[in-house]
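Reader: Could you walk me through the pockets in this model?
Author: Gladly; here is the structure.

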Amino acid sequence: MLSVVGLEAGYAMLPVLFNVSLNVFPGEIVAVLGSNGVGKSTLINHVVGMYRPNAGRVLFDGEDITQEKADAIVGRGLIQVPEGRRIFPNLSVQENLTLGAYRRGGKNIVANIERVYRYFPKLKLRHEQLAGTLSGGEQQMLAIGRGLMSEPKMIMFDEPSLGLSPLLVAEMFELFSRLRKDGLTILLVEQNLAQSLEIADRAYVLENGRNAISGTAKELLDSADVRKAYLGM
Ligand SMILES: Nc1ncnc2c1ncn2[C@@H]1O[C@H](COP(=O)(O)OP(=O)(O)OP(=O)(O)O)[C@@H](O)[C@H]1O
Ligand SMILES: [Mg+2]
């Protein structure tokens with residue numbers, strides 16, 4: 001569904017990504033893992049057309065989207081839930097959700113809001129509350145819900161576990177498994193290797209802007225290198 005081929009990218013003269021490649025097949029949860037600053041957000045920000053790569057290609061649904069504008073990519077159903085949530089604090093929960101359907105999904109707003117509330121009953125209870133007054137975990141739910149409002153074919157979560165308690169992370173990741181069961185393809189960017197590998201089918205570990213290790217989640221969990229470097233075992 002998504003192929004990144006030999007991506008080279010950076011900001012101004014500073015290179016960040018070197019020949020990065022990955023594939024996501026329909027119905028998979030694929031994790032992109034790595035420590036602070038290795039280029040995970042840079043990778044997905046380039047995939048969604050926020051920046052242009054210096055070299056390499058991005059294919060979605062078999063079509064080359066490397067030079068496409070961000071809103072056209074949203075129109076195709078490739079949706080990013082950005083790091084740090086970026087909700088509108090002075091709008092209500094429901095208004096934030098409605099804005100999620102701005103570029104795509106506008107015909108089914110009512111049904112899709114109900115669907116988001118089924119995934120997140122807490123948001124329904126608080127539908128009139130200003131988003132800026134939600135707890136951190138609730139804001140993350142809202143950011144995910146807003147992404148779902150655009151009827152994604154594939155959704156990319158950038159560090160959804162950031163700042164959440166282990167229990168909330170577990171709940172959030174369980175939801176991702178449910179979304180996958182309901183037909184969504186997911187790319188999960190995370191520093192949290194242990195919990196990500198529990199729900200992912202496959203994973204890519206980036207180091208210093210390069211592909212380092214990749215394989216099935218089980219292969220990575222069994223790998224001595226991964227266990228030593230990332231899982232402290
Ligand atoms: N808009 C930008 N302009 C200039 N440099 C940037 C920009 N965004 C990121 N960088 C730099 O690119 C490098 C990779 O950053 P990136 O945000 O992709 O890392 P990350 O893997 O997502 O890290 P984290 O896990 O901390 O979010 C960093 O050195 C960062 O300072
Ligand atoms: Mg990041």
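Author: The lining of the largest pocket divides into 14 nonpolar, 4 polar and 5 charged residues, where Asp, Glu, Lys and Arg count as charged, Ala, Val, Leu, Ile, Met, Phe, Trp, Tyr, Cys and Pro as nonpolar, and the others, Gly among them, as polar. This is a predicted model, in which local features need pLDDT of at least 70 and side-chain atom pairs 80 or more, while totals for chains, interfaces and linings use all residues. Residues are numbered from 1 along each chain as its sequence is written.

Reader: Why does the largest pocket lie between the two domains?
Author: Domain 1 (1-77 + 153-233) and domain 2 (86-152) both contribute to its lining, so the largest pocket lies between them; the domain bounds come from an automatic or database assignment.

Reader: And what volume does the largest pocket have?
Author: About 610 Å³, a volume being the space filled by probe spheres set on grid points joined across faces, edges and corners. A pocket here is an open set of points on a 1 Å grid over the protein atoms alone, where a 1.4 Å probe fits, with protein on both sides within 12 Å along at least five of seven lines, and lining residues have an atom within 4 Å of a point.

Reader: Switching to the second largest pocket, how much space lies in it?
Author: About 230 Å³. Of its 13 lining residues, Tyr119, Phe120, Glu171, Met172 and Leu175 are the closest to the centre.

Reader: Which domains does the lining of the second largest pocket draw on?
Author: Domain 1 and domain 2 each supply at least three residues to that lining.

Methods. Chains are lettered from A and ligands numbered from 1 in the order in which they are written. Side-chain values use heavy atoms; hydrogens and water are left out.
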